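Please look over the following model before reading the notes beneath it. They take up a strand sheet, the packing of helices, and internal cavities.

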Amino acid sequence: HPPPVATDKEEQKRLLENRPDQPQNPKVLRIAIIGAPNAGKSTLSNQLLGRKVFPVSKKVHTTRCKARGVITHQDTQLIILDTPGLINPLKAKRHKLDEAMLTDPWDSVEHADLVLVLVDVSDHWTRNSLSKEVLKCLSQFPHIPSVLVLNKVDILKKKFLLLEIVADLTEGIVNGKKLEVKSAFKQDSSSSATSPLQITQASPPESKVPGSPCGQEKNQAQEGSGLDRSSGVGGAGTGEAQGPKHYGPEDLKDMKGWPHFQEIFMLAALRGEEVDTLKRYLLMQAKPGPWKFHSDVLTNQSPQEICDNIIREKVLEYLPLEVPYGVTQVTDIWEEGECGELLIVQSLLVPRESHKRMLIGRGGKVISRIAREAGQDLMNAFLCDVRLKLKVEVK
């Protein structure tokens, strides 16, 4: 079970400063998850961590800064860098987003050992090509191995479209080999995320790999990805001996996909389908190296940041359009109650009386729903009883 987040700021700080309790031969992998805004990056991060520590909302730009999530499994530590969606400067200006939202994803990729590119296949406007920002980012760091993750596969009614999407997003090449795509509809598919396609590459079948983290064949780590891959899945970087070439702005103009992905995974992050398959693969990709965090650490965020983000997520969820972006949060009380529960009182300051009415809702319905749902999420993060009270005031 993943550890809870400490409710006390000082305790969390101590944990983060603690020397990692690493085993004899530790392994580590830093993973940057990038993609267009709202592709489901934070949902996937939370599912991989097994506890909700990153805010999630249907509104774009819910994630405002890069935060770390930490998965410690036996001798391996995975560090997940949850990043804001990749956007261009023009959009950032239009949404009044701060500078960090432009630079954070790039910083994360620069320090990653593996990049997960997340694409929302339920969005028919964007699913057949990677955004220019994502392509620019991948071309900037072509030496860092990357994996394509197709998300929200369960929502896609016409599963055969996945063949076309995969071909477009990979330029027809995965792990240095040309894809041969053939449809293979499974009759008794119980999982909605299992896709009706096999993608094979002409090469000898892979033998069992001893000592993989879950004691299973490496092939199994792709099972749920819907790929019947017969090429080696080996460590990151096995695909091309010569390494990807450097792409200039001119090359990127005509590219829809990235021909240097090592793997493709298909999942439904919200339902947790096939997330374990991806997690097993990530554990296998870890390389010998020192842990960065103590095994009791789940995230590098402070308890206060988690609380603010989760309340903000609900405000984004239940208020129309631009209103939530003008809300300022002030924590008035953060203390332990008589029965050991965490008591949090937060004021939400809004610029207008009309916003206050919207946020409170008829008969206080909206604000009490926000408090109830945020309180539930905080209990999950802190693993203790939480009493959350929210007040709304015009600033």
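The briefing below goes through these topics in turn.

The model is predicted. In it, three strands form an open sheet in the order E12-E13-E14, with mixed pairing, and helices H10 and H11 are described below where they meet this sheet. Two helix pairs are also described, H11 with H12 at an angle of about 60° and H2 with H9 at about 75°, and the cavity count comes to 2 at a threshold of 30 Å³ or more.

**The sheet and its strands**

- The edges of the sheet are strand E12 (328-336) and strand E14 (386-394), each of which pairs on one side only, while the twist from one strand to the next averages 15°.
- Strands E12 and E13 pair in the antiparallel sense, with 8 bridges between them, and within this pairing Ile 333 stands opposite Val 345 in E13.
- The hairpin of E12 and E13 has 5 residues between its strands, and there Gly 340 takes a positive phi near 85°.
- Strand E13 (residues 342-350) runs parallel to E14 and is joined to that strand by 9 bridges, and Leu 343 is found opposite Arg 387 in E14.

**Helices packed on the sheet**

- Helix H10 (residues 303-318) packs on the sheet and touches E12, E13 and E14, its direction making about 130° with that of E12.
- Helix H11 also packs on the sheet, where the strands it touches are E13 and E14, and its direction makes about 155° with that of E14.

**Helix H11 against helix H12**

- Helix H11 (residues 353-360) and helix H12 (residues 365-382) pack with their axes 4 Å apart and at an angle of about 60°, and H11 and H12 are therefore oblique to each other.
- On the H11 side the contact is made by Met 358, Leu 359 and Ile 360, and on the H12 side by Lys 365, Val 366, Ile 367 and Ile 370.
- Sorted by class, the residues in the contact of H11 with H12 comprise 6 nonpolar, no polar and 1 charged.

**Helix H2 against helix H9**

- Helix H2 (residues 41-49) packs with helix H9 (residues 275-285) at an angle of about 75°, and their axes are 10 Å apart; H2 and H9 are therefore roughly perpendicular to each other.
- Leu 44, Gln 47 and Leu 48 are the residues of H2 that meet Val 275, Leu 278, Lys 279 and Leu 282 in H9.
- The contact of H2 with H9 divides by class into 5 nonpolar, 1 polar and 1 charged residues.

**Cavities**

- There are 2 cavities of 30 Å³ or more by the rule applied, and the second largest cavity holds about 40 Å³ of space.
- Lining the second largest cavity are Val 109, Val 115, Cys 137, Leu 138, Phe 141, Pro 142, Ile 144, Ser 146 and Trp 258.
- The lining of the second largest cavity consists of 8 nonpolar residues and 1 polar residue, with no charged residue.

Conventions. Residues numbered from 1 in each chain as written. Predicted model: local features only at pLDDT ≥ 70, side-chain atom pairs only at ≥ 80, totals over all residues. Heavy atoms only, no water. 1 Å grid on protein atoms, 1.4 Å probe; cavity = no way out; pocket = protein on both sides within 12 Å on 5 of 7 lines; lining within 4 Å. Points joined across faces, edges and corners; volume = space filled by probe spheres on them. Nonpolar A, V, L, I, M, F, W, Y, C, P; charged D, E, K, R; others polar. Axes fitted to C-alpha atoms, helices over the stretch in contact; angles between N-to-C directions. Parallel < 35°, antiparallel > 145°, perpendicular 65-115°, else oblique. Contact = heavy atoms within 4.5 Å. Pairing = 2+ DSSP bridges.
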